[in-house]
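Please open the model in your viewer and keep the sequence panel beside it, so that each selection can be followed in both. The tour begins with the whole chain and then moves from one selection to the next.

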Amino acid sequence: MRDLGGKVAVITGGASGVGRAIAAKLAGEGAQVVIADVDAESIDKTRTELEERGLAVDGMEVDVSRGESVNALAERVFERYGNVHLLFNNAGVGIKEAKRRIWTLPEKDWQWTYAVNVLGVANGVRAFVPTMLERGEEGHVINTSSANGGIASLPTTPVYASSKAAVTSLTEVLHFQFLLEGAKLRAHLLFPGPHLVNTNILNSDRVRPDAFRIEGQAPATYVDMKALAESAGIAFKLTQPEEVAEMAIEGIRNDRFWILSTEGNSDARLQTRTESILARANPEPTK
Ligand SMILES: NC(=O)c1ccc[n+]([C@@H]2O[C@H](COP(=O)([O-])OP(=O)(O)OC[C@H]3O[C@@H](n4cnc5c(N)ncnc54)[C@H](O)[C@@H]3O)[C@@H](O)[C@H]2O)c1
């Protein structure tokens with residue numbers, strides 16, 4: 001799909017970070033954009049900010065972890081716009097797990113992360129794809145994975161990495177099935193990067209529903225990625241969300257399944273992992 005003008009795009013997690021940058025980019029290309037997010041305040045803020053830049057976007061509340069909430073979103077979108085051409089299953093969360101051992105992490109951290117990062121993507125596919133197929137127009141489903149887990153797992157983030165491995169796997173299957181169906185839909189895997197992207201992901205706790213909160217544990221304190229990067233010195237590079245949005249749109253335009261930067265260390269990690277599997281050699285933890 002080369003001309004995005006007039007196309008209908010739905011972006012989950014569209015009120016912040018990568019999703020917001022994609023929304024701005026698409027609105028600038030003349031697409032009709034719906035930002036769908038669990039955080040109503042951020043939706044309003046984002047819409048106002050984009051409007052000030054002359055970019056009009058629609059906003060709808062959704063909790064991607066709940067199937068009925070995503071079904072209700074799809075119903076509203078199809079009713080208002082008739083079809084969806086670009087579905088970004090992008091909403092995702094990260095917990096405070098850096099360097100924690102896999103056997104010490106509480107069940108609620110697993111439940112919440114998997115509910116948003118994995119079921120959220122499945123719920124998006126289940127709610128939107130049948131009608132997109134029925135309409136018979138060209139369309140794209142872009143699922144946001146992460147090089148961490150989606151390509152090779154870092155040894156430091158067990159829950160997040162394993163949730164993103166699931167996103168990669170289910171999107172590969174979706175891609176195969178679109179081809180087997182002879183559908184006009186294409187699936188894509190977006191890997192934000194090449195470096196840690198300057199977003200609110202380290203502050204996900206702000207949108208953790210009470211049902212997934214751990215009794216007696218206060219919400220995680222605010223982390224500013226830029227300050228974190230600066231305190232870590234030059235070795236800690238940050239990618240801006242706008243760079244990821246550029247890469248995403250370029251990938252869709254050129255029908256790339258793997259929307260993954262060639263910069264950074266993903267290729268080296270993938271190669272090491274693949275070689276270890278092919279050689280039946282035990283892997284070493286990556287740094
Ligand atoms: N930031 C990075 O370095 C990085 C790297 C690789 C992958 N990613 C992935 O990129 C995607 C976007 O994250 P980001 O970095 O822009 O973070 P972000 O926190 O800035 O944006 C995520 C958005 O998702 C929304 N969200 C959270 N739970 C939701 C739910 N249940 N229903 C609907 N919306 C919900 C949040 O309110 C927020 O607006 C995620 O899937 C993330 O895992 C990020």
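With the whole chain in cartoon view, you should find nine helices and nine strands, where helices (H or I, at least four residues) and strands (E, at least two) are DSSP runs numbered from the N terminus. Residues are numbered from 1 along each chain as its sequence is written. The model is a predicted one, in which local features need pLDDT of at least 70 and side-chain atom pairs count only at pLDDT 80 or more, while totals for chains, interfaces and linings use all residues.

**The whole chain**

Reduce the display to the C-alpha trace, which spans about 50 × 45 × 35 Å along its principal axes. The radius of gyration is 18 Å, which agrees with the value near 19 Å for a compact globule of 287 residues; the radius is taken over C-alpha atoms, and the globule rule is 2.2 Å times the number of residues to the power 0.38. If you colour by burial, 44% of the 287 residues count as buried, a residue being buried if 20 or more other C-beta atoms lie within 10 Å of its own, exposed if 12 or fewer, and partly exposed in between, with C-beta atoms placed from the backbone. Among contacts (C-beta atoms, placed from the backbone, within 7 Å), residues 24 or more positions apart account for 74% of those with a separation of 6 or more.

**The ligand shell**

Now select the ligand and the 30 residues around it, of which Gly13, Ser16, Gly17, Gly92 and Thr199 come nearest; a residue counts as near if its C-beta atom, placed from the backbone, lies within 6 Å. α1 and β7 each supply at least two residues of this shell, and α1 gives the most, with three. Coloured by type, the shell divides into 13 nonpolar, 14 polar and three charged residues, where Ala, Val, Leu, Ile, Met, Phe, Trp, Tyr, Cys and Pro count as nonpolar, Asp, Glu, Lys and Arg as charged, and the others, Gly among them, as polar.

**Helix α6**

Select residues 158-181 next: the 24 residues of α6 should span 34 Å at 1.5 Å a residue, and the end C-alpha atoms are 35 Å apart, which agrees; the expected span is 1.5 Å times one less than the number of residues. Buried residues of α6 include Tyr160, Val167 and Leu174, and what covers the buried residues of this helix includes α4, β5, α5 and β6. α6 is followed by Gly182, whose phi is positive, near 65 degrees.

**Helix α8 and Asp255**

Move on to residues 241-253, where α8 reaches 19 Å from its first C-alpha to its last, close to the 18 Å expected. Among its buried residues are Val244, Met247 and Ile252, and the buried residues of α8 pack against α1, β5, β6, β7, β8 and β9. Beyond the helix, in the loop between α8 and β9, select Asp255, which has a positive phi of about 55 degrees although it is not a glycine. With 11 C-beta neighbours inside 10 Å, Asp255 counts as exposed.

**Two more loops**

Most residues other than glycine have a negative phi, and most peptide bonds are trans. In the loop between β4 and α4, select Lys99, which has a positive phi of about 70 degrees and is exposed, with 7 other C-beta atoms within 10 Å. Finally, where does Pro194 lie? Pro194 is in the loop between β6 and β7, and a cis peptide bond joins Gly193 to Pro194, with omega about 20 degrees.

Conventions
Two residues are in contact if their C-beta atoms, placed from the backbone, lie within 7 Å.
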